[in-house]
Amino acid sequence: VIYPSVWLEGGCRIGRDCQIGPAVRMRQAVVGDRTTLQYAYLHECRIGSDVNLGPFVHIRPGTVIGDRARIGNFIEIKNSQVGEGSKTPHLSYIGDTDIGREVNVGCGVVTVNYDGKNKYRTRIDDGAFVGCNANLVAPVTVGSQAYVAAGSTVTKDVPPLALAVARAQQKNIEGWVERRNKK
């Protein structure tokens, strides 16, 4: 089924039993069978079978999304591989990243791939879990079945089966608001 406001440009291929749209623009994109795309812009990429993608997704050149993946709301993915059964549910940027199978990438995760001069790759191995609002500063690897705690900025490799916690401890300053308001 192709819904209203769908643009197919130059070299697109769509598999069987797909639902495309509404509001999807595809350019040189290949989509597998039984995949659903909505409110998305895809160009120069490959999307597997049984994928649920969107709404409000930008899939950029060089990206390959594996079968049974879930790419949710407000996601941008560039030059990356997303393994079979992996999911990035919402509000994330995934750039120059290799994501294994059955990985969970939480809300607000950013793979920090550019230092102002060079681009670097991030690797997230099979079964890993990246908590919400985490930054993975490339080049870095999150090992198989490892966890990254929510709010962490990871700058060193995380070994398989480990938990990475990389955040400052909270400090509460009692009475700060009253002192500020008196000024």
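# Chat notes on a predicted model

Trainee: Where is D17 found?
Mentor: D17 is found in the loop between strand 2 (13–14) and strand 3. Helices (H or I, at least four residues) and strands (E, at least two) are DSSP runs, numbered from the N terminus.

Trainee: What are we looking at, and which residues count?
Mentor: This is a predicted model, with residues numbered from 1 along each chain as its sequence is written, and side-chain values use heavy atoms, leaving out hydrogens and water. Local features need pLDDT of at least 70 and side-chain atom pairs count only at pLDDT 80 or more, while totals for chains, interfaces and linings use all residues.

Trainee: Back to D17. Is it buried or exposed?
Mentor: D17 counts as exposed, because its relative accessibility is 66%. Buried means under 20% relative accessible area, exposed over 50%, and partly exposed in between (1.4 Å probe, protein chains only).

Trainee: What is phi of D17?
Mentor: Phi of D17 is near 55 degrees, a positive value in a residue other than glycine. Most residues other than glycine have a negative phi, and most peptide bonds are trans. E44 also has a positive phi, of about 50 degrees, and is not a glycine. The place of E44 is in strand 6 (residues 40–47), and E44 counts as partly exposed at 35% relative accessibility.

Trainee: Which residues does a cis peptide bond join?
Mentor: One cis peptide bond joins G21 and P22, with omega about 10 degrees. P22 lies in the loop between strand 3 (19–20) and strand 4 (24–31). A cis peptide bond also joins A138 and P139, with omega about 0 degrees. P139 is in the loop between strand 18 (135–137) and strand 19 (140–142).

Trainee: Overall picture, then. How many helices and strands does the chain have?
Mentor: The chain has one helix and 22 strands. Its C-alpha trace spans about 60 × 45 × 30 Å along the principal axes. Of the 183 residues, 42% are buried.

Trainee: What share of the contacts comes from residues 24 or more positions apart?
Mentor: They account for 11% of the contacts with a separation of 6 or more. Contact means heavy atoms within 4.5 Å.

Trainee: Give me a buried residue with its contacts.
Mentor: T88 lies in strand 12 and counts as buried, because its relative accessibility is 1%. Not counting residues up to four places away in sequence, T88 touches R70, I71, G72, I75, I77, I94 and V105. N104, in strand 14 (residues 104–105), is buried with a relative accessible area of 13%. Its contacts, leaving aside neighbours within four places in sequence, are K87, P89, A128, F129 and V130.

Trainee: And the surface? Which residues form the nonpolar patch?
Mentor: Y39, F56, F74 and L91 form the nonpolar patch, with about 400 Å² of accessible area together. Patches are made of residues with over 30% relative accessible area and no salt bridge; like charges are joined within 9 Å, nonpolar side chains (Val, Leu, Ile, Met, Phe, Trp, Tyr) within 5 Å. L91 is in strand 12 (residues 87–95) and counts as partly exposed at 47% relative accessibility. Accessible areas come from the Shrake-Rupley method with a 1.4 Å probe; for residues, only the protein chains shown count as cover.

Trainee: How many salt bridges does the structure hold?
Mentor: The structure holds eleven salt bridges. A salt bridge is a side-chain nitrogen of Lys or Arg within 4 Å of a carboxyl oxygen of Asp or Glu. One of them pairs E9 with R25, the closest N and O atoms being 3.1 Å apart. E9 lies in strand 1 (residues 6–9) and R25 in strand 4, so this pair ties together parts that are 16 residues apart in sequence.

Trainee: Which residues are linked in a network of salt bridges?
Mentor: R68, E84, R101 and E102 are linked in a network. Within it, the side chains of R68 and E102 meet at 2.9 Å, N to O. R68 lies in the loop between strand 9 and strand 10 and E102 in the loop between strand 13 (97–99) and strand 14, so the pair ties together parts that are 34 residues apart in sequence. R68 counts as partly exposed at 40% relative accessibility, and E102 as partly exposed at 44%.
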